[in-house]
Every structure is written in structure tokens, then in C-alpha cells.
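This report walks through the fold and the annotated positions of a single model. Please keep the coordinates open while reading, since the text moves between strands, helices and individual residues.

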Amino acid sequence: MAKPISLTRYLIEQQRADGLIPGQLRLLLEVVARACKGISQAVNKGALGNVLGSADSENVQGEVQKKLDIIANEVLIEANEWGGHLAAMASEEMDSIYVVPNRYPQGEYLLLFDPLDGSSNIDVNVSIGTIFSVLKKPEGSPGVQESDFLQAGSKQVAAGYCIYGPQTTLVLTVGNGVAMFTLDREQGSFMLTQEDIQIPADTREFAVNMSNMRHWDAPVKRYIDECLAGKDGPRGKDFNMRWIASMVADVHRILMRGGIFMYPWDSREPEKAGKLRLMYEANPMSWLVEQAGGAATNGRQRILDLDPTKLHERVAVFLGSKNEVERVTGYHQAL
Ligand code: AHM
Ligand code: MG
């Protein structure tokens, strides 16, 4: 059997092979992975660590924060602020950007994260995760502004997530495919367990919160109606449904066996956006999915081409198996 490869060794080999990972970025990814290990420990302790339940606070979106939302946010900031690789961070759980304090050296990267995705699953012992995205600070601008973060997803230099499930697994791209690392708890290291992950272009499985159906736009209703019609309908095949309500877990399943994930805009939203956040959720997941041969759109356009106008922008999301994403996108464009 081949010798197991640690995340550290994988990143060093990538750095040597194609220069996609400069030294500072490698350090950044190692630090993010270390922070995820810390979050994983807190998640595993659950009630024994007094980490379950709500805190007495709301985030900028007006959502009640869970204790673990806050703990995960702090772990990521504390791990990343002193290493000299970052200029600033932005998080789903913070109103504005967090500039690296000037007692530490400033690096050239920007880190964005959803520290604890799937918050509604924390207290019920269902998989949750951390999603992250890395951008380069635009050259020539002094200091760091929020506007430095407003870059299209196609500008990401690294993206990934860590899922805290039956295993703790880190999934990563730096632009040359998707690799998966499983946490070896005895060693305390992430070990490479799958490389070059590919999403099949066709699928018989969709993931969407069906309880919102009456609020959807016509193209989404049409797509789901046709799936539900099964083998006697226009699609000529039966479909299965899964909805974990943790984007990390739903996207992880799609990376492992295909499927389409949808969080469409619905008519209760005044802006034509969805629930999910462009910078912390949609962009990193879309890049991972595209790197695995899948597709990701907001129903009309490729997500990675969208120019963000604000940090906490929301977006409709359709991602996963290419032919299904193209089909539902085509239904929107045909309107
Ligand atoms: P969160 O970041 O506050 O946890 O919210 C995002 C989550 C996604 O992980 C998941 O796909 C979605 O919200 C589930 O929403 P719903 O409860 O409406 O089904
Ligand atoms: Mg989230």
C-alpha cells in the first residue's frame, strides 16, 4: 500500500510541482486546517463541552447566533491573525471586515468564511461544517477596505470546506482539481484520501427544501415537477430526494456521488436573491463543484462571474451535476 500523504506534504508537493501554492498561501491553508481541527474537537464534545444551544446575540443578518457559530468564528480569527499571511478576514458572523491588528505583520491574502454552516443542525447531532474562500488583496491599494473583498468568485486562489460528520473531512481546491483529506484523530493530521474528485454529469437525485415550493419561480417549479413525474414524465426516469439542511453535507454528497443542489430565490424575498451568501457559501462551493467537472449558476449566470456589490450579498444557487444544472438554467433563460 502506498504511504499515506498528509495535507502538509500534499501542499508542499503542489507548491513544487506547479507553483499554484506560494509559501504564504500554503501557510494560510495549513492554519485554516488547524483551526478546523479545533472546531471539530468542540463539535465532538457537544453537550460535554457546553457548546450547544443559542448565544444571546444576533448576526448582521438578524439570525440568532448559536454558541458554536461564535466559537468557530473566534477559533478561525485567533488561528489566522498572527501568522503574517493575511491582510484581513470577513465572516458570515461579523458585520464588517476584520483587519489584521497592526501588532502583527500583514500579508497579501484575504480570507472569507462561514465558520459554522448548517447551524440548525448543531443541536441535533447532524453534520455541519466550515466553508472558506481565499482571495488576493488587490495590488496597489493602501491598507484594506471592504471593497477589496468584492471580487468575483473566479478570482479565488483557494476554496474549501471542512465537514464535521461521522468523519471530519477537509475538501480543497487551489485550481487544479479537488482533493479530500480525512482527519486521522490518533495522528492529529489530515490525510489525503481522494484526489481528482469528479461529479457525474447526470444524476437522479436532487436536493432542495420542498417546503418552499409554493414561493418559487416558474422555472424551478417546472424543473421539480418534471423530476417528481418520474419515469412516466418528460424526464423518463425516477428521481430521489435528499435535503440535509447543511450546505456542506449536501454538497459533499454531490461531490461523492453526483446530484443537484438548489436554494432558489423565492417570492418572500424583496430582492431577487436567495438565502445563501455569495461570498462565504456560493463562491467557494461553486469553484469546488466546477473543479470537479460540475456546474454552478444563479439560474441565469455562472456564479463565479457575478460581481459582488456587498460583503453579505445573497444569491440563488443551483449547483452539481452539469447536465441538470444546465437544464434548470435553460428553463430560466427560456422565460
Ligand atoms: P447557516 O449558514 O446559517 O447555517 O445557513 C445556511 C444553511 C445551509 O447550510 C443550508 O443549505 C440551508 O441553510 C438550509 O436552509 P433551510 O433551513 O431553509 O432548509
Ligand atoms: Mg452557511
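What follows describes a predicted model, beginning with its sheets and ending with individual residues.

**The eight-stranded sheet**

An open sheet of eight strands, with mixed pairing, has the order 4-3-5-6-7-8-9-10. Its edges are formed by strand 4 (98-99) and strand 10 (189-194), each of which has a single partner strand, so one side of each is left without a neighbour in the sheet. Two helices pack on this sheet. Helix 1 (residues 7-18) touches strand 8 (168-173), strand 9 (178-184) and strand 10, and the direction of helix 1 makes about 65° with that of strand 10. Helix 3 (residues 67-80) touches strand 3 (86-91), strand 4, strand 5 and strand 6, and its direction makes about 155° with that of strand 5.

Strand 5 deserves separate attention. With strand 3 it pairs in the parallel sense over five bridges, and in this pairing L86 has Y109 of strand 5 as its bridge partner. With strand 6 (residues 128-136), strand 5 (residues 109-117) pairs in the antiparallel sense over seven bridges. Within strand 6, L135 is the bridge partner of L110, while G129 is the bridge partner of D117. Nine of the nine residues of strand 5 are buried, so this strand is largely enclosed by the rest of the structure.

**The five-stranded sheet and the annotated domain**

A further open sheet, of five strands and again with mixed pairing, has the order 12-11-13-17-15. Strand 12 and strand 15 (295-297) are the edge strands here, each pairing on one side only. Strand 11 and strand 13 (residues 260-263) run parallel and are joined by two bridges, and the bridge partner of F206 in strand 13 is I260. Helix 6 (residues 278-291) lies across strand 15 and strand 17 (317-320), running at about 30° to strand 17.

An unreviewed UniProt entry carries the annotation "domain: Fructose-1-6-bisphosphatase class 1 C-terminal" for residues 199-332. In the model this span is 35% helix and 15% strand, and its end C-alpha atoms lie 23 Å apart.

**The annotated binding-site positions**

Which residues does the unreviewed UniProt entry place under the feature "binding site"? The record gives D114, D117 and E281. Although these positions are spread over 168 residues of sequence, they cluster in space, with a largest C-alpha distance of 8.6 Å.

The place of D114 is in strand 5, and D117 lies in strand 5 as well. Are these two residues buried or exposed? D114 counts as buried because it has 28 C-beta neighbours inside 10 Å, where 20 or more are required, and D117 counts as buried because it has 29 such neighbours. Leaving aside neighbours within four places in sequence, D114 is in contact with E92, T130, I131, R277, Y280 and E281. With residues up to four places away likewise not counted, D117 touches I128, G129, T130, I131, S246, M247, V248 and E281. The contact with E281 therefore appears for D114 and for D117, each of them a buried residue by its neighbour count.

**The shell around ligand 1**

Of the 13 residues around ligand 1, those that come nearest are G118, S119, N209, A245 and M247. By class, the residues of this shell divide into three nonpolar, five polar and five charged. M247, one of the nearest residues, is also among the residues that D117 touches.

**Two loop residues with positive phi**

A245, named above in the shell around ligand 1, has a positive phi value although it is a residue other than glycine, and D196 also has a positive phi without being glycine. The table sets out their backbone angles and surroundings.

| Residue | Phi | Loop | C-beta neighbours inside 10 Å | Class |
|---|---|---|---|---|
| D196 | near 50° | between strand 10 and strand 11 (205-207) | 12 neighbours | exposed |
| A245 | near 70° | between strand 12 (240-241) and helix 5 (247-257) | 16 neighbours | partly exposed |

D196 counts as exposed because its 12 neighbours do not go beyond the limit of 12 or fewer, whereas A245, with 16 neighbours, counts as partly exposed.

Technical notes. Residues are numbered from 1 along each chain as its sequence is written. Chains are lettered from A and ligands numbered from 1 in the order in which they are written. This is a predicted model: local features need pLDDT of at least 70, side-chain atom pairs count only at pLDDT 80 or more; totals for chains, interfaces and linings use all residues. Two strands pair if DSSP finds at least two bridges between them. Helices (H or I, at least four residues) and strands (E, at least two) are DSSP runs, numbered from the N terminus. Two residues are in contact if their C-beta atoms, placed from the backbone, lie within 7 Å. Axes are lines fitted to C-alpha atoms, for helices over the stretch in contact, and angles run from 0 to 180 degrees between N-to-C directions. UniProt positions are given in the numbering used here, feature names are shortened, and annotations may be inferred rather than shown by experiment. A residue is near a molecule or strand if its C-beta atom, placed from the backbone, lies within 6 Å of it. Ala, Val, Leu, Ile, Met, Phe, Trp, Tyr, Cys and Pro count as nonpolar, Asp, Glu, Lys and Arg as charged, and the others, Gly among them, as polar.
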